[in-house]
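Subject: Structure for you to look over

Hello,

Here is the structure I promised. My notes follow below it.

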Amino acid sequence: MDKKIGFIGCGNMAQAMISALVKSKLIESNQIIASNRSKNILEKMNKEYGITIASNNIEVAEKCDIVFLAVKPNLYEMVMKEIKDSVTKDKIFVSIAPGKTMEFLEAHLGADAKILRTMPNTPSMVSEGMTAICPNSNIDSEELELLIKLIESFGAVELIEEKLFDAVVAVSGSSPAYVFMFIEAMADAAVIQGMPRAQAYRFAAQAVLGSAKMVLESKSHPGELKDMVCSPGGTTIEAVAVLEEKGMRSAVIEAMRKCAQKSKGM
Ligand SMILES: NC(=O)C1=CN([C@@H]2O[C@H](COP(=O)(O)OP(=O)(O)OC[C@H]3O[C@@H](n4cnc5c(N)ncnc54)[C@H](O)[C@@H]3O)[C@@H](O)[C@H]2O)C=CC1
Ligand SMILES: O=C(O)[C@@H]1CCC=N1
């Protein structure tokens, strides 16, 4: 792929995507150009991955064919105003922010701008991300195919309707944080029982990884897979009963409702 890929903002999410892109060898690292308010991150990324450092956002927008807007949502308006004059008929802008609708993006980049709304997540760093995508009507099928190929370097990609974006933020964009909390809690419990912490993280994380692969590959209902672990009168059902009594499921549902609600208002 001979395109130049730009990142305006080079924080947690951009770094995860750049790491996956470079590892995928889909493009040369010097085809990646990034700008960032604090320059030390750029120097680190240049040293670690060989990406090109831009002196400002406009340079990224001018030089790149595909531009990821990777700043916080509250900065989108300012940044889009800054780069508006760099919009051309072939340049593609990729939003990764919650709450910034296609209508909002087109209002600032222009109705003719080629825009892809996405919701990635940080497991992209190890190429096991999940990215939801929604193109506007200015992106043709060939461009969409190229974008999917590029974003597949982060992990799985799924086309969704824009109306589901707030739900996707809750179930995918933000959900790695809930899983990290679960892994941390399981490891703490193992430490209480005397297991060295590093070992506890390995056991807890592998249990989550393996369980997730079972859901994805077996196509079985998660409840069925849970029942397969719960031997009658055994150990697992004791833990499951406490999790039900403490309201684990309703806590997750309420947390994600709040998350989606916040996304709507971003
Ligand atoms: N962190 C995550 O797991 C995910 C984040 N996102 C979205 O990605 C975007 C970036 O999020 P993070 O990477 O987590 O934030 P971050 O705060 O880690 O990175 C943002 C970067 O933008 C830089 N920045 C600030 N103002 C700037 C400007 N005017 N021009 C250029 N760079 C500027 C900051 O120095 C910072 O390095 C946000 O819209 C967020 O909602 C989406 C999915 C997942
Ligand atoms: O917490 C946030 O707002 C960002 C968007 C999804 C994950 N992190």
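First, a term: buried means under 20% relative accessible area, exposed means over 50%, and partly exposed is in between, with a 1.4 Å probe and protein chains only. Glutamine 15 is a good first case: it is buried because its relative accessible area is 15%.

Some housekeeping. This is a predicted model, in which local features need pLDDT of at least 70, side-chain atom pairs count only at pLDDT 80 or more, and totals for chains, interfaces and linings use all residues. Residues are numbered from 1 along each chain as its sequence is written, chains are lettered from A and ligands numbered from 1 in the order in which they are written, and side-chain values use heavy atoms, with hydrogens and water left out.

**The chain**

The chain has 12 helices and 8 strands. Both are DSSP runs numbered from the N terminus: helices are H or I with at least four residues, strands are E with at least two. The C-alpha trace spans about 65 × 40 × 30 Å along its principal axes. Of the 266 residues, 41% are buried. The chain exposes about 14,900 Å², and carbon and sulfur atoms supply 59% of that. Accessible areas come from the Shrake-Rupley method with a 1.4 Å probe; for residues, only the protein chains shown count as cover. Contact means heavy atoms within 4.5 Å. Among contacts between residues at least 6 apart in sequence, 62% join residues at least 24 apart.

**Helix α1**

Helix α1 covers residues 12-24. From first C-alpha to last, its 13 residues reach 19 Å, close to the 18 Å expected at 1.5 Å a residue. The expected span is 1.5 Å times one less than the number of residues. How many of its 13 residues are buried? The count is 10, so by the cut-off above α1 is mostly covered. Among the buried residues are Met13, Ala16, Ile18 and Val22. The cover includes strands β1 (5-8), β2 (32-35) and β4 (66-69), plus helices α2 (39-49) and α6 (141-151).

Two residues of α1 deserve a closer look. Leucine 21 sits in this helix and is buried, at 0% relative accessible area. Leaving aside neighbours within four places in sequence, leucine 21 is in contact with Ile5, Phe7, Leu26, Ile27, Ile32, Leu150, Ser153 and Phe154. Its C-alpha is 9.0 Å from that of methionine 125, 104 residues away along the chain. Glutamine 15 is also in α1. With the same neighbours set aside, within four places, glutamine 15 is in contact with Cys10, Ile41, Lys44 and Met45.

**Isoleucine 51 and lysine 3**

Isoleucine 51 lies in the loop between α2 and β3 (52-53). Is isoleucine 51 buried or exposed? It is buried, because its relative accessible area is 1%. Beyond neighbours within four places in sequence, isoleucine 51 is in contact with Ile18, Ser29, Ile32, Ala34, Met45 and Asn46. Isoleucine 51 and glutamine 31 are 20 residues apart in sequence and 7.1 Å apart in space, C-alpha to C-alpha.

Lysine 3 lies in the segment before β1. It is partly exposed, with a relative accessible area of 29%. Outside its neighbours within four places in sequence, lysine 3 is in contact with Gln31, Asp65 and Leu146. C-alpha to C-alpha, lysine 3 is 8.0 Å from isoleucine 27, and the two are 24 residues apart in sequence.

**Positive phi**

Most residues other than glycine have a negative phi. Lysine 25, which follows α1, has a positive phi near 60 degrees. Serine 127 is not a glycine, yet its phi is positive, about 55 degrees. Serine 127 is in the loop between β6 (114-119) and β7 (129-135) and is partly exposed at 29% relative accessible area. Lysine 219 has a positive phi near 60 degrees. Lysine 219 lies in the loop between α9 (197-218) and α10 (222-229), and counts as exposed because its relative accessibility is 69%.

**Ligand 2**

Which residues are around ligand 2? They are Pro98, Gly173 and Ser174, each with a heavy atom within 4 Å of the ligand. The protein covers 48% of the 250 Å² of accessible area that ligand 2 has on its own.

Best wishes
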